[in-house]
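Visitor: Please take a close look at one part of this structure, and then explain how the neighbouring topics of packing and pairing may be read from it.

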Amino acid sequence: MIRSIYNLMFSKFKTLKSTLTKTADGEIIQLFPKKYKESVQIDKDVTLVGDPSGQTVVEGMLIIPRNVRVIFRQITLSPNAQLYIEGEAIFERCIIKGNTDVLITVNGGYIKAVESEFKKAGEVGIALLNNSNGIFKGCKFRFNGDTHLFIKQSKAYLESCEGSNALKSLWITDGSFVQTKKCHFHHHIDTQILAEGATYIDDGSTIESGDGLGIAAKADSEVTLHSTILYSNASVQLFIENSRVSGKYCTIQNGKECGVMLHESEGFFAHCEISNHQSTNVQAKKKSIAHFERCEIHSGHENGIFIGKDSIVNCSETIIKNHLSFQVVVSEKSICSMKDCFIVSGRHVGILVEKKSECMLVECYVLQNNNSAFNVDRAILKLYRCEVSDNNGNGILAINHSHVEVDGCNFHHNQMPHIASKTKVKIYICNTDFHRGKSIFLIQRCKMHAVNSRFHDSMNVQIEITEHSTAKFEHCQIYNGKSYGVKVLKNSNFFFYHSQIFKHDLSQIVVNDSSVILNNSEIYQGKRNALFIQNHSEVYIQESFISKHAQTQIWIDNDSTLELLSVQLTDGEHSDLHAQNQSRIYVENSMIRNEKCRYNVQALNHSKIEIVKTIVENKYGDVYYSENNSSINNSDY
């Protein structure tokens with residue numbers, strides 16, 4: 001029978017030990033508002049109730065053996081040695097404080113604490129060992145020297161608890177399982193929550209203002225976070241090493257170093273905000289794998305995401321913006337893929353891909369970065385159905401043996417060439433639109449192949465190929481430029497098949513010390529020349545149509561050669577062919593017709609023109625003009 005013995009027992013027995021000796025199993029003991037200085041092993045199920053004023057204090061060592069259940073209610077416990085629990089202990093509105101290295105050790109037992117406070121241990125507030133279980137609701141852990149809760153091979157659940165002012169708040173190790181909900185951990189000197197070979201789950205807690213790491217997981221741990229807030233920790237806010245992490249609806253902000261760091265780990269993040277870190281917002285290194293879905297990563301003082309050392313990162317429907325350095329870095333043989341993402345408003349380059357890494361974007365937007373949208377250095381970049389625009393540098397700057405593939409994309413309003421490449425870069429372009437900016441610049445042995453694409457409305461040269469570079473265009477259009485259409489310079493090669501070039505303010509194609517092949521193509525409606533060929537260049541044109549240019553349609557100069565086969569030159573405002581300074585032209589099976597200019601075929605200064613099976617005519621009658629040791633030979637006459 002449960003009964004109060006406040007009046008009965010304590011009139012005769014003044015100590016806790018003597019009271020317990022005379023108490024039956026299961027009884028409630030109402031304690032005096034006094035201090036009990038004694039150590040006791042409690043061998044029966046009892047409930048110890050302190051005075052409501054909080055004046056009941058028990059000093060000493062308490063032991064609860066197996067198969068014993070003790071409830072402490074409204075008591076202050078100040079052990080001079082650890083409370084040792086092998087059975088069950090329940091603390092309701094209690095204070096357990098100081099005078100020992102460990103306040104409570106639970107060894108294979110069970111502890112439950114409600115609205116209680118654990119503080120001022122020399123080292124550990126509560127140690128859960130050897131398959132122990134702990135439940136803590138509305139509790140406070142403060143000023144314990146090393147760790148508030150040390151959990152080894154055990155389980156713990158914390159709800160609406162607060163931990164502060166220790167080295168660590170939770171130390172979870174050796175296969176333990178800990179779940180926290182709506183807790184607040186703050187102002188710890190070392191890692192606030194540490195999992196080593198353990199499982200940690202959180203829902204809605206805040207981990208903030210620590211002097212070290214926020215959450216750290218090591219040695220094959222599992223961390224699951226939902227609606228967790230990591231804020232303003234001095235070191236990495238979420239550090240995962242040789243472990244796995246999953247975060248949903250989390251906020252990781254304002255750290256003094258990195259937001260999330262993965263080392264040889266795997267992470268999944270959905271609907272998370274990671275922002276405002278003094279260092280990189282997210283790092284994935286040493287063969288890590290990370291997935292970001294519908295996240296927002298922004299406003300870092302360095303990179304948004306850094307991927308290095310054989311790591312893999314996938315992003316879906318994620319926004320990456322407002323970083324002072326590269327928004328995304330893919331380095332050291334790593335892989336990054338993005339779908340439906342926005343990489344916008346960076347203070348530097350949007351995405352850097354380097355050191356034999358690979359980056360692929362599908363249906364993404366890379367906009368308004370203060371430098372290039374992409375820098376590619378000894379790496380691979382693939383873009384599918386993306387928009388790259390309004391960047392203050394290049395759309396893509398690729399160098400040093402890189403590979404670039406662009407399919408179904410839209411490039412516009414970039415301040416420097418949409419695609420610029422240097423030193424043995426290979427580029428493939430398909431079904432892509434380039435406008436409102438210089439389209440292509442190739443230098444130093446680069447190679448490009450473009451199919452079914454459009455290059456138009458540039459204020460500068462639309463295509464420039466130089467220094468032993470090669471470009472091949474098939475079924476493309478180059479038009480409406482305010483300068484030159486194509487410039488081919490310094491031993492470069494330009495192949496143009498089944499395509500059109502038209503409506504440029506300056507010469508549509510300039511060839512200098514290079515070679516050009518045009519086949520089944522059209523060049524028309526230029527405000528100057530169709531082709532301006534000079535300095536030992538070689539040009540071959542077959543089955544093509546050239547018409548309606550305001551100046552000489554083809555001008556060839558300085559020891560260059562031109563061969564026309566089945567070509568039509570018509571409706572020029574000036575002459576059609578002009579060769580000078582030891583240049584040579586061969587024309588066969590073609591038509592050269594001009595209604596506005598006399599002498600539509602001209603050879604000057606030791607140049608030669610040979611015409612075979614070709615119609616040459618204008619309405620004035622005189623079609624040929626040569627001078628200064630030049631010749632025009634028409635084998636049909």
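Guide: Let us begin with T423, which is found in the loop that runs between β54 (419–422) and β55 (426–430). Please keep in mind that the model is predicted. The backbone of T423 deserves attention, for its phi is near 70 degrees, a positive value in a residue other than glycine. With a relative accessibility of 21%, T423 counts as partly exposed, because the buried class ends under 20%.

A second residue invites a similar reading. S160 is not a glycine, yet it has a positive phi of about 55 degrees. The residue sits in the loop between β19 (155–159) and β20 (162–164). S160 is partly exposed, its relative accessible area being 39%.

Another serine, S337, belongs to strand β43, which covers residues 335–339. Is S337 buried or exposed? Its relative accessibility is 18%, and therefore it counts as buried. Leaving out residues up to four places away in sequence, S337 touches V313, N314, C315 and M360. With one of these, N314, the side chain of S337 makes a polar contact of 2.5 Å.

We may now turn to the aromatic rings. A pair of aromatic rings is described by the distance of the centres and the angle of the planes. The structure contains 19 aromatic pairs. One of them is formed by F91 and F118: the ring centres are 6.3 Å apart and the planes stand at 80 degrees, so this pair is edge-to-face. The pair links distant parts of the chain, since F91 is in strand β10 (residues 88–92) and F118 is in strand β14 (residues 117–119), 27 residues apart. F91 and F118 are buried.

F342 and Y365 offer a further example, a stacked pair with 4.8 Å from centre to centre and 10 degrees between the planes. Because F342 lies in strand β44 (residues 342–344) and Y365 in strand β47 (residues 365–367), the pair ties together parts that are 23 residues apart in sequence. F342 is partly exposed, with a relative accessible area of 36%, and Y365 is partly exposed at 32%. Elsewhere, F411, F434, F455, F473, F494 and F496 form one aromatic cluster. A ring may also have a charged partner: K168 lies over the face of W171, at 4.5 Å from the ring centre.

The next topic is the nonpolar interior. In soluble globular proteins, nonpolar side chains tend to be buried together. In this model, the largest nonpolar core has 152 residues, and those with the most contacts inside it are F72, F91 and L361. Strand β12 (residues 102–107) supplies the largest share of this core, three residues. Which residues are in contact with L361, leaving aside its neighbours within four places in sequence? Among them are M338, I343, I351, V366, F374 and L381, and the list also includes K382, L383, Y384 and C386. Apart from the largest core lies another core, of seven residues, including L194, V236, F239 and C258.

Charged residues remain. Side chains of opposite charge can pair when their charged atoms come close. The structure holds 23 salt bridges. In one of them, E59 pairs with K35, and the closest N and O atoms are 3.4 Å apart. E59 lies in strand β5 (residues 57–59) and K35 in strand β2 (residues 35–37), so this bridge ties together parts that are 24 residues apart in sequence. K35 counts as partly exposed, at 45% relative accessibility.

E464 and K438 meet in another salt bridge, at 2.5 Å from N to O. This pair links E464 in strand β60 (residues 463–466) with K438 in the loop between β56 (433–435) and β57 (440–443), 26 residues apart. E464 counts as buried at 14% relative accessibility, and K438 is buried with a relative accessible area of 13%.

The side chains of E573 and K596 also meet in a salt bridge, at 2.8 Å from N to O. E573 is in the loop between β74 (568–570) and β75 (577–580), and K596 is in the loop between β77 (591–594) and β78 (601–604), so the pair ties together parts that are 23 residues apart in sequence. E573 counts as partly exposed at 40% relative accessibility, and K596 is partly exposed with a relative accessible area of 48%. Finally, salt bridges that share partners join K339, D340, E363 and R385 into one network.

How values were computed
Residues are numbered from 1 along each chain as its sequence is written. Side-chain values use heavy atoms; hydrogens and water are left out. Helices (H or I, at least four residues) and strands (E, at least two) are DSSP runs, numbered from the N terminus. Buried means under 20% relative accessible area, exposed over 50%, partly exposed in between (1.4 Å probe, protein chains only). A polar contact is a pair of N or O atoms within 3.5 Å; within protein, one must be able to donate a hydrogen and the other to accept it, and residues adjacent in sequence count only if both atoms are side-chain atoms. Contact means heavy atoms within 4.5 Å. Rings of Phe, Tyr and Trp (its six-membered ring) pair if their centres lie within 6.5 Å; planes under 30 degrees apart count as stacked, over 60 as edge-to-face and the rest as tilted. A charge sits over a ring if NZ of Lys or CZ of Arg is within 6 Å of the ring centre and within 35 degrees of the ring normal. A nonpolar core is a set of buried Ala, Val, Leu, Ile, Met, Phe, Trp, Tyr and Cys residues joined through side-chain atoms within 4.5 Å. A salt bridge is a side-chain nitrogen of Lys or Arg within 4 Å of a carboxyl oxygen of Asp or Glu.
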